[in-house]
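Notebook open, structure on screen. I want to go through the helix packing, the chain contact and a few backbone oddities.

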There are 2 protein chains.
Amino acid sequence: MNPDIIVVGAGLAGLTAARRLTQAGRRVRVLEARERVGGRTQTLNLPQTGLSVDVGGQWVGPNQPHVMALIHELGLEVYPTHDEGQNIALLGGKTLHYRGLIPPLSPLVLADYALLSHKFEALVRSIPLEAPWTAPDAAELDAQTFDTWIGKHARRPQTRALMRLYAGAVFSADPAEMSMLHALTYTAHGGGINGHTLTRGHALQDRVLGGAGGISQRLADDLEDVQLNSPVIRVEQDGQGVTLHTPDGTHRAAHVVFAVPPTLLSGLPFHPPLPARRAQLQQRLPMGAVIKFMAVYERPFWREAGLSGMAISDVGPVTVTFDNSPPQGSPGVLLGFIEGHAARDLMDVGEDQRWEAALGSLARLFGDEALTPIETVQRDWTAEPFSGGCYGALFGPGVWTGYGEALRTPVGRIHWAGAETARVWMNYMDGAVESGERVAAELLG
Amino acid sequence: MNPDIIVVGAGLAGLTAARRLTQAGRRVRVLEARERVGGRTQTLNLPQTGLSVDVGGQWVGPNQPHVMALIHELGLEVYPTHDEGQNIALLGGKTLHYRGLIPPLSPLVLADYALLSHKFEALVRSIPLEAPWTAPDAAELDAQTFDTWIGKHARRPQTRALMRLYAGAVFSADPAEMSMLHALTYTAHGGGINGHTLTRGHALQDRVLGGAGGISQRLADDLEDVQLNSPVIRVEQDGQGVTLHTPDGTHRAAHVVFAVPPTLLSGLPFHPPLPARRAQLQQRLPMGAVIKFMAVYERPFWREAGLSGMAISDVGPVTVTFDNSPPQGSPGVLLGFIEGHAARDLMDVGEDQRWEAALGSLARLFGDEALTPIETVQRDWTAEPFSGGCYGALFGPGVWTGYGEALRTPVGRIHWAGAETARVWMNYMDGAVESGERVAAELLG
């Protein structure tokens, strides 16, 4: 018997959509290209220490209602990100230890940063989350890069460095790679800079006990028809339904939901062809570049030195670190991110060279003890063909204003979900869940 | 028997590569997704007047040695673009009639434009054609949009309007949609602004007798193994060769050349996966947006009024026109281009509304006689799934510097051709031919 609805993509968005549609009595099939569910989230058990680690998305916060509600619905638990102790900022050749939000830079730099972030946040508040192309001055904001805006408004190099670190940490990209309208829209989706970057009360507050990959696993366990290793290679839509071709056969349903990064659809043949605006949108949403890596130590030695494990650095390749130890605090785990141009610099080198560079960064921040982990793991998301990169799509200049309207607009019986289509917290786990619930409501409405 | 080499894409690039490889004794198969050869060139015979018209690429010039040599090699002929009479410029609400290069704007505007174009051309000359990411200040030029640069250097609105018209006519995009480094690189590929925009001695000098589609047709006629309706849906590479899957079967050869717009490869499954830099490059090369349309009249009535048929207008949707009449001058044909945001504005409307808007533009320039053509034809290239848009790919901010090195670098036995990979005249017919010859040399070397 044919399903009523086929969902393509067994990440958080697709599985959430499938759950809501199933709960409403629809017969749903999920087709997943990979040999696993979870998309841009994945929990691995490390072979040596047996530790469960998230090599993909991992954080959730109380300002993210969709994913928090789903976690509780599934009977999963969260625990707080370790953030006690002093943070480190390595900026302009100086290492600063500090508590709180902002490194103790010179008063001139702090004043400059305060002024710039005040201007930025005022613009952020002017963005309609669901339709940034209708913002005041949308055309002007979308005709320049975030880098251009920073260059115009930051008077001190350290201010520029802080904004670059923000772009790297939050967009996994350089400020040159996105439009200013996108920088504002994305920031607005998290309620401002702090919403994205802080722990207590914000997006980095909590982690999922057992790993964030468990959310997708539980969602999939509750569904009856999830087919792995089933990449869609051709789509045919007619007046009665949609037929999807995979290498092993065909699947047909009255409606289809695509819950994958839009760039992966760019070369996929649709019959009839997609409308021009939708087709060209898909060409214009490249994915960010990020390598996530973790080093495991017998104990979290930095805590003994009074450090939180959280650091920012304007010396690459690692620019942001966290204490990613399990709740019991042992073993100790340092988490580092390599983003944007730094990730590109390491795209073409071997794993050994990448490790050397990453551990060198950790040692610069936390001392030589960081050079001898007992176990390590890394994931270069740019090399994952069924993600294309992480955390999500970047909107370059002209894309929101020229193509934004096509982002969620169904094409006949084909509907669009996925973290990129979220109306809040786009490209986050929360946005993925929101998009799944939105598309389910669209189909049930 | 398996071919030695398979070429994917029967546009000018792929067919040129196949010709050169065949001439060198290789067994070559060409796989083409469409039911025709020619790619972004196509010559149609209009049903009513029987006129042959190019709905795709049409111009060649003496500054384009690769395509000119191929045209002569194939025994085809060219004839001059009609450019006699006065040109029209509709700018800032005023209609100007003039001869020569530059409309007779006020001295203040002319001085401003002269200064700006002098600065622009000086930067153009600093760009290494084959490696723009090594240009002086490449990082800074690639971190801003062309629009940002224009806004900074143009003091008069008419100067900005002229640069916008240049972007539309030459890139089929708005200045906001591309990086400044790309605007310079692309301009440098044609030897400067005039190389791209003028007739005698430049890129618009000549047209191909019988239509530019005839080049690809003759190339294909000389080849033994061109298979139409064969879209590639999966690629497998191993130590001995490459296997290509199409809906009807598999094809295998020692080497493969892809000669298609890179964006069409973004969702195509490659096994093993492409290197990250190549994969992310393919996500970052969206196609321009252009609708080409022609209106046929009993006679070229504008010539009788002393007009050349060439016009520029800052009032859309048509912003550039030409006299596209056949060599004998009858019937009369006006050619209009709708580009960038103007093409997007007409993406979602019906053909009738599009025609009304286009003919309205012609009438504004050439009088009411333009409203009653005897035959019309239009082609919205953004709606062509196997092109994805025209004239070619746009490089947004950060793409040349972050990913340019991957543009032509082979991945094992897979080589890259196509107008986007050209080392000169990228995105033009000349660049397509150059890329085909370059990739053939790569495989024969």
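In which kind of crossing, left-handed or right-handed, does helix 1 of chain B pass helix 9 of chain B? I looked, and the crossing is left-handed. A reminder to myself before going further: this is a predicted model.

**Entry 1: helix 1 and helix 9, chain B**

I looked up the geometry of this pair. Helix 1 covers residues 12-23 of chain B and helix 9 covers residues 213-221; they pack at an angle of about 35°, and their axes are 10 Å apart. Next I wanted the residues that meet. Helix 1 of chain B brings Leu12(B), Leu15(B), Thr16(B) and Arg19(B), and helix 9 of chain B answers with Ile215(B), Ser216(B), Leu219(B) and Ala220(B). Sorted by class, I get 5 nonpolar, 2 polar and 1 charged for this contact.

**Entry 2: helix 1 and helix 9, chain A**

I then went to chain A for its own helix 1 (residues 12-23) and helix 9 (residues 213-221). The angle there is about 35° and the axes are 10 Å apart. I noted this crossing in chain A as left-handed. Leu12(A), Leu15(A), Thr16(A) and Arg19(A) make the contact from helix 1 of chain A, with Ile215(A), Ser216(A), Leu219(A) and Ala220(A) on helix 9 of chain A. The class split here is 5 nonpolar, 2 polar and 1 charged.

**Entry 3: where chain A touches chain B**

How many residues of chain A are in contact with chain B? I find 37 in chain A, facing 38 residues of chain B. The two chains bury about 3,100 Å² between them, with 53% of that on carbon and sulfur atoms. On the chain A side, the most area is lost by Arg277(A), Gln283(A) and Arg344(A), together 17% of what that side buries.

I checked the polar side of things too. There are 22 residue pairs in polar contact across the interface, counting pairs with both residues at pLDDT 80 or more. Which elements give two or more residues to chain A's side? They are helix 5 (146-153), helix 10 (276-283), helix 12 (341-345) and helix 14 (399-403) of chain A. Helix 10 of chain A gives the most, with 4 residues. By class, I wrote down 15 nonpolar, 14 polar and 8 charged residues for the side of chain A that touches chain B.

Salt bridges came last: the count between chain A and chain B is 4. I looked at one of them, Glu177(A) with Arg284(B), where the closest N and O atoms are 3.7 Å apart.

**Entry 4: backbone oddities**

Most residues other than glycine have a negative phi, and most peptide bonds are trans, so I went looking for exceptions.

In chain A, I found a cis peptide bond from Ser330(A) to Pro331(A), with omega near -5°. Pro331(A) sits in the loop between strand 18 (320-323) and strand 19 (332-339) of chain A.

In chain B, the bond from His271(B) to Pro272(B) is cis, its omega near -5°. Where does Pro272(B) lie? I traced it to the loop between strand 15 (270-271) and helix 10 (276-283) of chain B.

Last one: Asn229(B) has a positive phi, near 50°, and is not a glycine. I placed Asn229(B) in the loop between strand 10 (226-227) and strand 11 (234-237) of chain B.

Technical notes. Residues numbered from 1 in each chain as written. Chains lettered and ligands numbered in written order. Predicted model: local features only at pLDDT ≥ 70, side-chain atom pairs only at ≥ 80, totals over all residues. Heavy atoms only, no water. Contact = heavy atoms within 4.5 Å. Buried area = accessible area lost by both parts, 1.4 Å probe. Salt bridge = Lys/Arg side-chain N within 4 Å of Asp/Glu carboxyl O. Polar contact = N/O pair within 3.5 Å; in protein donor to acceptor, adjacent residues only side chain to side chain. Nonpolar A, V, L, I, M, F, W, Y, C, P; charged D, E, K, R; others polar. Axes fitted to C-alpha atoms, helices over the stretch in contact; angles between N-to-C directions. Left-handed = near helix turned anticlockwise from the far one by under 90°.
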